[in-house]
Amino acid sequence: MRGTLRMLVWGLIITISWGVYQNINATDKSRDTTKQNKIKEFVTIDEKVEVDKALTYLNNIRDNAGMVRLDQHQQLEKSAKNHANYLITHDIIGHDESSSRSGFTGTKASDRAMKVGYKSSLVSENISSMQENYKESVDELFSAIYHRFGFLDFRIDEIGIAVTQNSNNKSKITFVYNMGIGPLQRICSQKSFEGRGKYVYNICADKNFKIKESHFNKAIDSNKIHNKKIIVYPYDEQSDVPPVFFDEIPDPLPRHDVSGFPISISFNKAYFKRVKIESFKLFDSNNQQIEDTIKYDEHSDPHQKFKKFEYALFPLKRLEWGSRYRVEVKFTADGQKREKVWHFTTRRFNEPIHKVIPTAQKYTLTLYQPTLFYFPPLSPRDIPKKIEYPETLDVAFVDQNTIKVVAKESWGDWLELKFGEHRLKLKVE
């Protein structure tokens, strides 16, 4: 074999999920490489540009899904930035901060928001770490079902986004998203309720601040009527959908390290009182139903994080790259039988892509032309983490089952690339 072997190791995805308010969801995709052989070269990012693009991208998703746009809120952005700086400074991932560490601005997301002047304690938070850019960050959070429902909350209408990159290790990048309910925040900026009747408290920065119960309910519900009655994701005719879900903590699929991208549907409580799902089905481009699935709702979700009227279908095997899918949901809403049908398409590539089944396959490369190789998982735990390849190749991960290979020079004999237990024989034409 010509030259020496390079070895790359892919780290595990780690996702941390918490409650709906005050502490929602985080995801950390780490990449561990040996010596100087890196899967991806990270560059210095423009943090402000990434924030602006993240907001635009997230709002485009909500637009297409049929939800109100999220307004950028200065105080939520400040609290998000404080936490992003804290996480990067201490090289950790999570929602809680410790008062014994430098950069502490509050234990929970709500504490940190109120510290910088936000009046309401009902603040939700999403975090992603080690993503290269805003799109990777948002896509990663939408692939994890608990995170997704945080972004698709019917009640929120304002957000603060921050990103911080470690200046000494550019691969360490953290995105923080703090979300709030504008009408409630504005009530907390007014005078405390002093009249007779029912009221709620311990909601605002001033824990003794009283809100008339009817006003509180109106504030919580005010954004719902501006969203569509039914929200699905992927949304109808969405393209560039990742075909895969890897992991989340708490893990909705503890027996699977790799599975298909989850499909979700949620019903707006402003329009529905009772909903019962009769069937939830996914069909491939050949009109064949994908039978190997798991369905979750507020009762069957193993971690009890789904709220009322939130439903998800998990394909237990990866979806295919560049394929069109159809979803059919039959349900009864307030006594009326109805059906919702929509379509989406998974991500396509400009480069040629080969589906490698099973192993020891031979492929011819074109010099300097990127070629993708997809290794369908052979089991629910099949995530190869190590690649060995000759230095005449450049190799990068597309995801944990898919790699991009570029031949940097020609050679005569067949060379071998090892991807976990998989083997490829490669030569340049």
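**Sheets, a helix pair and a disulfide in a predicted model**

Strand β22 (residues 371–374) runs antiparallel to strand β25 (residues 402–407), and four bridges hold the pairing. Here, two strands count as paired if DSSP finds at least two bridges between them; strands (E, at least two residues) and helices (H or I, at least four) are DSSP runs, numbered from the N terminus. The model is a predicted one, with pLDDT of at least 70 needed for local features and pLDDT 80 or more for side-chain atom pairs, while totals for chains, interfaces and linings use all residues. Residues are numbered from 1 along each chain as its sequence is written, and side-chain values use heavy atoms, with hydrogens and water left out.

Back to the β22 pairing: T371 has V405 of β25 as its bridge partner. Both strands belong to an open sheet of four, in the order β20-β22-β25-β24, with mixed pairing. At the edges stand β20 (353–355) and β24 (393–399); each has a single partner strand, so one side of each is left without a neighbour in the sheet. From one strand to the next, the twist averages 25°. For such angles, axes are lines fitted to C-alpha atoms (for helices, over the stretch in contact), and values run from 0 to 180 degrees between N-to-C directions.

Another open sheet of four strands, also mixed in its pairing, follows the order β11-β19-β18-β15. Its edges are taken by β11 (238–241) and β15 (275–283), each of which pairs on one side only. Leaving direction aside, neighbouring strands in this sheet are turned by 25° against each other on average. Strand β15 runs antiparallel to strand β18 (residues 324–333), and eight bridges join the two. Among the residues facing each other there, F280 sits opposite V329 in β18.

On the helical side, α1 (residues 47–65) packs against α4 (residues 134–143) at an angle of about 40°, the axes lying 9 Å apart. That makes the α1 and α4 pair oblique, a label for whatever is left once angles under 35 degrees count as roughly parallel, over 145 as roughly antiparallel and 65 to 115 as roughly perpendicular. The crossing of α1 and α4 is right-handed, meaning that the near helix is turned clockwise from the far one by less than a right angle (anticlockwise would be left-handed). In contact terms (heavy atoms within 4.5 Å), α1 brings E50, K53, A54, Y57, L58 and I61 up against Y134, K135, V138, D139 and F142 of α4. Seven of the residues in this contact are nonpolar, four are charged and none is polar. In that tally, Ala, Val, Leu, Ile, Met, Phe, Trp, Tyr, Cys and Pro are nonpolar, Asp, Glu, Lys and Arg charged, and the others, Gly among them, polar.

How many disulfides does the structure hold? There is one, taking a disulfide as a pair of cysteine sulfur atoms within 2.5 Å. C188 and C204 form the bond, with an S to S distance of 2.0 Å. The torsion about this S-S bond is about -70°, so the disulfide is left-handed. The pair ties together distant parts of the chain, 16 residues apart: C188 lies in the loop between α6 (182–187) and β8 (199–200), and C204 in the loop between β8 and β9 (211–212).
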